[in-house]
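Colleague: I should like a close examination of one part of this model, preceded by a word on how far its coordinates may be trusted. The sequence and structure are set out below.

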Amino acid sequence: MMALTKAHNRMIAGAQTNVLDYGAVGDGVTDDSAAIQAAINAGQHIYIPEGTYLLSTPISFIAQNQIISGDGMWQTVLLGQVQIGDGDVIVPNIRRCQLHHIQVDDDGRYDYAVEINKSRDTRIEHCYISGIRQNRSVTCFILNNRIVRGLGDWAYLSKDYSNG
């Protein structure tokens with residue numbers, strides 16, 4: 001008798017880390033915080049497929065050069081908060097993180113959907129963000145996004161469609 005094993009992206013060297021492989025559901029009801037954070041903790045390039053993901057607690061980039069990407073700003077929706085950087089350090093040690101093709105909606109629970117705090121060379125592209133705050137970070141590239149409110153100092157905007 002032959003045993004079959006379900007193949008996961010994480011079984012292929014260099015493949016994106018898919019949050020579904022870590023138990024995320026993306027139905028807008030199930031709390032996907034732990035599953036998405038587990039995928040972030042395990043991988044360098046995290047893929048979040050189309051769906052609505054409820055985050056009861058913020059998710060955080062934990063290493064340099066991490067990328068979180070989705071299927072589009074209207075297809076992949078995170079309801080909660082994404083944190084980039086470590087607000088407890090004096091010198092930014094989270095560098096070159098990227099967020100692409102995702103909608104981050106604070107769902108009325110946070111002041112900002114994306115919090116960039118003490119990071120360096122952050123890049124956010126093709127996202128819809130319902131509030132962003134950038135604090136004590138160096139060189140944040142915020143390109144081709146729709147941002148409802150917020151920003152901060154040291155941010156570079158290109159083709160941004162803020163506030164309408």
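What pLDDT does the chain average, and what percentage of the residues score at least 70? Please then concentrate on the open sheet with parallel pairing: what is the order of its strands, and which of them are the edge strands?

Modeller: The chain averages a pLDDT of 81, and 76% of the residues score at least 70; pLDDT is the predictor's confidence in each residue, on a scale from 0 to 100. The model is a predicted one, in which local features need pLDDT of at least 70 and side-chain atom pairs count only at pLDDT 80 or more, whereas totals for chains, interfaces and linings use all residues. Residues are numbered from 1 along each chain as its sequence is written, and side-chain values use heavy atoms, with hydrogens and water left out.

The chain contains one helix and 19 strands; these are DSSP runs numbered from the N terminus, helices being H or I runs of at least four residues and strands E runs of at least two. Strand 4 has the highest confidence, at a mean of 98, and strand 19 (residues 155-158) the lowest, at 45. The pLDDT is below 50 over residues 152-164, a stretch that nevertheless has 31 contacts in the model beyond near neighbours in sequence, a contact being heavy atoms within 4.5 Å.

As to the sheet itself, its six strands follow the order 2-4-7-11-14-17, and their pairing is parallel. Two strands are said to pair if DSSP finds at least two bridges between them. The edges are formed by strand 2 (27-31) and strand 17 (146-147), each of which pairs on one side only. In general, strands of a sheet pair through backbone hydrogen bonds, either parallel or antiparallel.

Starting from the edge at strand 2, one finds two bridges in the parallel sense to strand 4 (residues 51-54). Here Asp31 has Leu54 of strand 4 as its bridge partner. Strand 4 in turn pairs with strand 7 over four bridges, again parallel, and Tyr53 stands opposite Leu78 of strand 7. Strand 7 then runs parallel to strand 11 (residues 103-105), to which three bridges join it; within this pair, Leu79 is partnered by Asp105 of strand 11.

Strand 7 (residues 76-79) is covered on both faces: Thr76 and Leu78 are buried on one side, and Val77 and Leu79 on the other. Buried means under 20% relative accessible area, exposed over 50%, and partly exposed in between (1.4 Å probe, protein chains only). Of the 164 residues of the chain, 46% count as buried.

Leu78 also belongs to the largest nonpolar core, which has 31 residues; together with Ile36, Ile48, Leu99 and Val114, Leu78 touches the most other members. Such a core is a set of buried Ala, Val, Leu, Ile, Met, Phe, Trp, Tyr and Cys residues joined through side-chain atoms within 4.5 Å. At least two of its residues come from each of helix 1 (33-42), strand 3 (45-48), strand 8 (82-84), strand 12 (114-117) and strand 16 (138-143). Helix 1 gives the most, with four residues.

Ile48 links several of the elements just described. Leaving aside residues up to four places away in sequence, Ile48 touches Tyr53, Thr76 and Leu78, with Ile36, Val19, Ile68 and Ile102 also among its partners.

Helix 1 also holds Gln37, which counts as buried because its relative accessibility is 16%. Beyond four places in sequence, Gln37 is in contact with Pro58, Ile59, Ser60 and Ile62. The C-alpha atoms of Gln37 and Ile62 lie 9.3 Å apart, although the two residues are 25 apart in sequence.

Away from the sheet, Arg109 and Asp107 meet through their side chains in a salt bridge at 3.5 Å, N to O; the term denotes a side-chain nitrogen of Lys or Arg within 4 Å of a carboxyl oxygen of Asp or Glu. Arg109 is partly exposed, at 37% relative accessible area, as is Asp107, at 38%. The whole structure has two salt bridges; Glu125 and Arg123 also form one, with their closest N and O atoms 3.0 Å apart.
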